[in-house]
Amino acid sequence: MRRLDCRAAHWRISSLHSREAYLRPTAPIVPLLAKELREVTAGRALWTMLLLVCPLVGYSFVQAVSLYSESSAAALQSPVLARSLSPLDGILVPTFGSFYVAVTLLFPFVAIRVLGQEKESGALRLLVQLPYRPSTLIAAKFCAVLAAWFMVSIPALSALAVWAMLGGHLAALETLNLILGHLLYGLLAGAIGLLAAVIADNSATAAIIALAVTIGSWVLDFTLAGRSGLSAWLAQLSLTQTLRPFEQGLLSAGLVLGIAAVIGGLAALTVVWLPPGTSVRTKVIRSVSCVLVIAVALTAAAQIRASVDLSEDRRNSFSSADERLLASLRRPLVIKVNLAAEDPRYIDLRRNVLAKLERAMPDVTVVLASERSSVANPSDAYGQIEYVYGDRTDVSRSTSPREILPLLYALAGTQPPAPSVGEEYPGYPLVVSADAVLLWFFGGLPLLIVLAWRRIRRLPPDKGSLVHQGVKP
């Protein structure tokens, strides 16, 4: 009887504690955000990365402008060559490519700094006792990571301003789409850094874990590139794959939702592992649930095919007339490709025809029927591409949309549309020298960064700001 009374009393106490934790009074979020922003800007990791990004982005930008000018010199005499000159490919992607390398290798250190120092100093145990939920604390730290990304992107954004001042062309939609892709990638790298910081015992171990994930994704991408089957699915897990559609001017709803799901899942895992007093067994069980939710979300996002071609040259789409006609073909189209995944012909077919058909038609299925061993067999039907639309079938070896689209229209029993007028991409050739811009990236901008760093370090520390605002543990 006493045991039952003790158990009942223990249950009441546990219920009171749980109810007290659930009904924990809320506190203003502004002091917490100010604290996180103050700490991320006071650390050396952010400013060191800024100084390193300046020459890296500047050199890439100047080299891209030089190569673009050389190509433009010949294109000025030929409108056909001019149509192939796109600032997205010639300037933006190379410039932001160097920024991508810096974010991959250095930005996780900035994110680790947001949480790792508090964990090593023991301040995290005091922080979780404040009247904030763990999810609120992590959300504030994500806001600090977001602010840090905008700061480290200043050199790359300034390169866009310099290109515009030199007379270069910038298409607003494709430029914003590329910046969005790098923003999502930066948040993904920051989420990895925060999770590594909360799992590891110290910042050094967290840095090793974060670099193992980011650099390991490079190895995964290089090793499994051009493979089919399970290898192709594993290659899609590489972080590098997240940027490629944005670099082609394509805004994919499934990709954006998938990245957002992974970022949210990593944030949830960080919330799970944040409280120091929770047992490891409980954290592991909750982590398994988070991983399952992430897997389900990624599976659902992979089924979403909606996308928008934001490239100015419409490289991801057929002409408007072809797009409208293809969208009206409602019957299933099955394409059986007898090519190896690493074959250049399949790569061209995928880029020029298959990807565009999947976006334009409501029901398209692509079957990669050939393996690498078929390439050496001359008697095999290697290279043939079979198109099955309804009960009609045709075979072709071409990878050009000029030959494949009429074939599809014949299978559908419809006439090809009239050629569109005025949709040809004009191209933007520009012959200009950007060597003097190196003074900005190697001198002016780093000097401004150093002055801002010294200015912030001289600000008086905001000690006890949370307590002064009425936020007491």
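Before I opened anything I noted the cut-offs: buried means under 20% relative accessible area, exposed means over 50%, and partly exposed is in between. I also noted that this is a predicted model.

**Entry 1: two tyrosines and the cut-off**

I tried the cut-offs on Tyr428 straight away. At 23% relative accessibility, Tyr428 counts as partly exposed, because buried would need a value under 20%. Then I looked up Tyr425, which is buried, with a relative accessible area of 9%.

**Entry 2: aromatic pairs**

How many aromatic pairs are there in the whole structure? My search turned up eight. I picked out Tyr100 and Tyr185, whose pair is tilted, with 5.1 Å from centre to centre and 55° between the planes. Where do these two sit? Tyr100 is in helix H5 (residues 87–121) and Tyr185 is in helix H9 (residues 172–199), so their pair ties together parts that are 85 residues apart in sequence. Both Tyr100 and Tyr185 are buried.

Back to my tyrosines from the start: Tyr425 and Tyr428 form an aromatic pair too, and this one is edge-to-face, at 5.7 Å centre to centre and 75° between the planes. I also wrote down a cluster linked by ring pairs, made of Phe96, Phe99, Trp149 and Phe150.

**Entry 3: the cores**

General reminder to myself: in soluble globular proteins, nonpolar side chains tend to be buried together.

Here the largest nonpolar core has 91 residues. Which of them have the most contacts inside it? My list reads Met49, Phe61, Phe99, Val103 and Phe107. I followed Phe107 and, leaving out residues up to four places away in sequence, found that it touches Met49, Ala102, Val145, Ala148, Trp149, Val152, Gly186, Ala189 and Gly190. Apart from the largest core lies another one, of 27 residues, including Val337, Ala340, Leu354 and Leu408.

**Entry 4: a nonpolar patch outside**

On the surface I came across a nonpolar patch formed by Val280, Val284, Val288 and Leu292, with about 350 Å² of accessible area together. Is Val280 buried or exposed? With a relative accessible area of 55%, Val280 is exposed, and it is found in helix H14 (residues 280–302).

**Entry 5: salt bridges**

Another reminder: side chains of opposite charge can pair when their charged atoms come close.

I counted eight salt bridges. In one of them Asp89 pairs with Arg315, and the closest N and O atoms are 2.7 Å apart. What does this pair tie together? Asp89 is in helix H5, while Arg315 is in the loop between strand S2 (307–309) and helix H15 (320–327), so the parts joined are 226 residues apart in sequence. Asp89 is partly exposed at 38% relative accessible area, whereas Arg315 counts as buried at 17%.

Next I checked Arg351 and Asp348, which form a salt bridge with their closest N and O atoms 2.7 Å apart. They are three residues apart in helix H16 (residues 344–360), so about one helical turn separates them. Arg351 is partly exposed, at 47% relative accessibility, and Asp348 is partly exposed as well, at 28%.

The side chains of Arg350 and Glu358 also meet in a salt bridge, 2.7 Å from N to O. Arg350 comes out as partly exposed with 28% relative accessible area, and Glu358 is partly exposed at 22%. My last note for the day is a network: Lys35, Glu36, Glu39 and Lys141 are joined by salt bridges that share partners.

Technical notes
Residues numbered from 1 in each chain as written. Predicted model: local features only at pLDDT ≥ 70, side-chain atom pairs only at ≥ 80, totals over all residues. Heavy atoms only, no water. Core = buried A, V, L, I, M, F, W, Y, C linked by side-chain atoms within 4.5 Å. Buried < 20%, exposed > 50% of the residue type's maximum accessible area, 1.4 Å probe, protein only. Contact = heavy atoms within 4.5 Å. Phe/Tyr/Trp six-rings, centres within 6.5 Å; stacked < 30°, edge-to-face > 60°. Helix = DSSP H or I, 4+ residues; strand = E, 2+ residues; numbered from the N terminus. Patch = residues over 30% accessible without salt bridge, like charges linked within 9 Å, V, L, I, M, F, W, Y side chains within 5 Å. Areas by Shrake-Rupley, 256 points an atom, 1.4 Å probe, with all protein chains shown as cover. Salt bridge = Lys/Arg side-chain N within 4 Å of Asp/Glu carboxyl O.
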